[in-house]
Amino acid sequence: MSRLAFFFDSSACSGCKACQVACKDKNDLPVGQLWRRVYEVSGGGWKKQGAAWVSNVFAYNLSLSCNHCEEPVCAYNCPTQAIQKRDDGIVVIDPAACIGCKYCAWACPYGAPQFNPATGVMGKCDLCADYVDQGRNPGCVDACPMRALDFGQYDELVAKYGDSDQVHPLPAPSITQPSIVLRAHQRAGDAHAAVANVEELGDA
Amino acid sequence: MRRRDLSLVFFTLLAQCSIGIVLWLMLLALITGQRPVSAETGLAPGNPVLLALLLVVLATTMSFLHLGNPRSAPRAIRNLATSWLSREILAIGLFTVCLLLAFLTGWRTGAAGFAGLLLLPAALAGLFLLWTMSGVYSIVTVPSWNSAHTPIGFTLATLSLGAVSCLLLAVAGTIEVEAFALDLCAATWLATLLLEAGTSLANQRRLEKMDTGFRGPAFRHGVLRGGFLARGGVLLLTALGIAVLLLQPGAAFAPDHSGWIYPLLILGVVQEFIGRILFYASYFRLGL
């Protein structure tokens with residue numbers, strides 16, 4: 001069965017947010033809605049080594065949208081079956097069936113489904129399904145100047161890039177089996193790192 | 001807690017109060033060995049079955065305020081296989097229908113009371129509803145809710161709110177129950193409150209130890225500590241008041257003690273309200 005997935009290279013991302021803007025533009029999202037978000041993760045500080053003070057400050061970015069999980073908790077919890085997984089693995093929301101109960105947003109550990117007050121229903125990344133159906137890449141992938149984003153079949157992406165699935169502050173992949181392949185920043189396993197732009201990202 | 005969650009605070013409390021009334025009516029019947037007799041039937045405001053019915057209808061109405069697109073609400077029962085929310089909606093429908101049948105039967109027969117046998121399905125549907133309500137919050141990615149504290153808290157709240165309502169109706173004279181049964185009801189309420197105080201304290205400690213990840217350690221910053229302390233204070237004050245009343249000679253929950261009883265009943269509702277706000281405010285999920 002097909003399993004379309006994103007690849008994200010955290011070590012290459014400069015945090016320019018071109019992907020975020022491309023997504024917002026393509027999907028005509030209102031203020032406050034970001035179906036792809038760039039999280040700025042930072043940590044470290046100064047520590048004394050002998051007589052000297054040494055810095056181990058670090059920062060990296062995580063560009064994330066819906067991960068089109070193999071076990072989508074959003075779809076399992078949706079009372080109206082408005083959230084469905086297509087044969088190609090893309091998880092989509094049918095706005096006509098959605099009642100805007102926000103139960104999917106409670107459950108998703110990636111903050112993917114977002115409530116749109118103007119329409120009264122949930123919305124999220126659909127991997128630019130219309131582009132995919134035309135054989136094109138999702139908008140965010142083509143917008144990335146660093147080529148930090150890629151898209152394709154999950155197994156092919158793993159073979160091409162390898163897979164580091166435990167990146168702070170993402171949850172354990174075993175929970176939802178996200179269809180994302182990550183190349184982690186060298187400090188991405190540091191549990192003392194924190195998301196620095198919480199206010200910018202808003203109601204995630 | 002977000003403002004939109006306030007409708008869920010009212011929904012859960014009102015529904016659990018309705019279930020609690022039905023359960024307590026059944027318990028009083030078991031304790032006394034006879035059907036609890038209502039002095040008021042039909043559309044009289046003191047009819048306990050009508051009160052339970054109105055509460056669950058109001059609860060359902062409040063739940064609609066939470067929806068962004070309520071016109072599609074009938075679809076919400078389509079995912080019974082995996083969605084606890086669908087199951088909850090089925091359960092609240094069953095509970096409402098059972099209550100409606102019990103009410104209509106009592107009204108039609110004009111009996112000085114209500115059809116006890118018809119309350120049994122309502123009580124079972126109420127327990128099913130209580131179970132599904134707990135299930136809604138058993139989300140694997142929300143560790144603050146996904147624990148035994150949720151079903152325990154909901155069950156205790158149901159018993160507590162049901163006791164408050166039945167004692168209120170008894171003091172107002174709209175249901176006739178023997179004094180010893182009412183005292184037993186009050187004593188059970190007291191025990192429920194003490195259990196709630198204990199579990200609330202344990203839950204607070206559990207939450208404060210949690211790594212809340214992306215959102216930051218809100219609990220360790222003491223945001224919720226004040227709320228838990230306030231609830232604990234109201235809980236203990238209510239429990240103390242009930243204990244004092246129970247130690248009085250004669251029937252404790254009689255109309256001549258209403259000057260003491262009404263404030264206690266109000267405190268009982270207030271502490272449940274604070275507790276439910278704290279429940280929703282404690283939400284955080286794993287990940288981002």
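These exercises work through a predicted model, from one sheet to a chain interface and a set of salt bridges.

**Exercise 1. The order of a sheet**

Find the order of the three-stranded open sheet in chain A, and say which strands stand at its edges.

*Solution.*
Step 1. Read across the sheet. The order is β5-β2-β12 in chain A, and the pairing is antiparallel.
Step 2. Look for strands with a single partner. These are β5 (58–64) and β12 (194–195) of chain A, so each has one side without a neighbour in the sheet.
Step 3. Recall how such strands are held. Strands of a sheet pair through backbone hydrogen bonds, either parallel or antiparallel.

**Exercise 2. The bridges of β2(A)**

State how many bridges join β2(A) to β5(A), and how many pair β2(A) with β12(A). Then name bridge partners.

*Solution.*
Step 1. Take the β5 side. β2(A) and β5(A) run antiparallel and are joined by seven bridges. A:Val38 has A:Ser63 in β5(A) as its bridge partner.
Step 2. Take the β12 side. Strand β2 of chain A, residues 37–43, pairs with β12(A) over two bridges, again in the antiparallel sense.
Step 3. Name the partners in β12(A). A:Val41 is bridged to A:Val195. A:Ser42 is bridged to A:Ala194.
Step 4. Check the cover. Of the seven residues in β2(A), five are buried, and the strand is mostly covered.

**Exercise 3. The A–B interface**

Describe the contact between chain A and chain B by residues, area and polar pairs.

*Solution.*
Step 1. Count residues. Chain A gives 39 residues to the contact and chain B gives 36.
Step 2. Take the area. The two chains bury about 2900 Å² between them, and 59% of that is on carbon and sulfur atoms.
Step 3. Find the main contributors. A:Ile99, A:Tyr103 and A:Trp106 supply 25% of the area that chain A buries against chain B, more than any other three residues.
Step 4. Look for charge pairs. There are zero salt bridges between chain A and chain B.
Step 5. Look for polar pairs. Here the count is 23 residue pairs in polar contact, with both residues at pLDDT 80 or more.
Step 6. Place the helices. In chain A, α2 (73–77), α3 (103–107) and α7 (198–201) each supply at least two residues of the side that touches chain B.
Step 7. Sort that side of chain A by residue type. It divides into 30 nonpolar, seven polar and two charged residues.

**Exercise 4. Salt bridges within the chains**

For three salt bridges, give the distance and say whether each partner is buried or partly exposed.

*Solution.*
Step 1. Start with the total. The structure holds twelve salt bridges over all chains. The principle is simple: side chains of opposite charge can pair when their charged atoms come close.
Step 2. Take A:Glu70 and A:Arg3. Their side chains meet at 3.8 Å, N to O. The pair links distant parts of the chain, 67 residues apart: A:Glu70 is in the loop between β5 and α2, and A:Arg3 is in the segment before β1 (4–9).
Step 3. Judge their exposure. The cut-off for buried is under 20% relative accessible area. A:Arg3 has 17%, so A:Arg3 is buried. A:Glu70 has 29% and is partly exposed.
Step 4. Take A:Arg86 and A:Asp88. The closest N and O atoms of this salt bridge are 2.6 Å apart. A:Arg86 is partly exposed at 24%. A:Asp88 is buried at 15%.
Step 5. Move to chain B. The side chains of B:Glu196 and B:Arg231 meet in a salt bridge at 3.3 Å, N to O. B:Glu196 is in helix α6 (residues 179–208) and B:Arg231 is in helix α7 (residues 225–246), 35 residues apart. Both residues are buried.
Step 6. Look for shared partners. A:Arg3, A:Glu70 and A:Lys85 are joined into one network by such salt bridges.

**Exercise 5. The surroundings of A:Gln84**

Locate A:Gln84 and list what it contacts beyond its neighbours within four places in sequence.

*Solution.*
Step 1. Place the residue. A:Gln84 is in strand β6 of chain A, residues 83–85.
Step 2. Judge exposure. At 42% relative accessible area, A:Gln84 is partly exposed.
Step 3. List the contacts. Beyond those sequence neighbours, A:Gln84 touches A:Ile90, A:Val91 and A:Val92.
Step 4. Add the polar approach. A polar atom of the A:Gln84 side chain lies 2.9 Å from the backbone oxygen of A:Gln81.
Step 5. Compare sequence with space. A:Gln84 and A:Pro72 are twelve residues apart in sequence, and their C-alpha atoms are 9.1 Å apart.

Conventions. Residues numbered from 1 in each chain as written. Chains lettered and ligands numbered in written order. Predicted model: local features only at pLDDT ≥ 70, side-chain atom pairs only at ≥ 80, totals over all residues. Heavy atoms only, no water. Pairing = 2+ DSSP bridges. Contact = heavy atoms within 4.5 Å. Buried area = accessible area lost by both parts, 1.4 Å probe. Salt bridge = Lys/Arg side-chain N within 4 Å of Asp/Glu carboxyl O. Polar contact = N/O pair within 3.5 Å; in protein donor to acceptor, adjacent residues only side chain to side chain. Nonpolar A, V, L, I, M, F, W, Y, C, P; charged D, E, K, R; others polar. Buried < 20%, exposed > 50% of the residue type's maximum accessible area, 1.4 Å probe, protein only.
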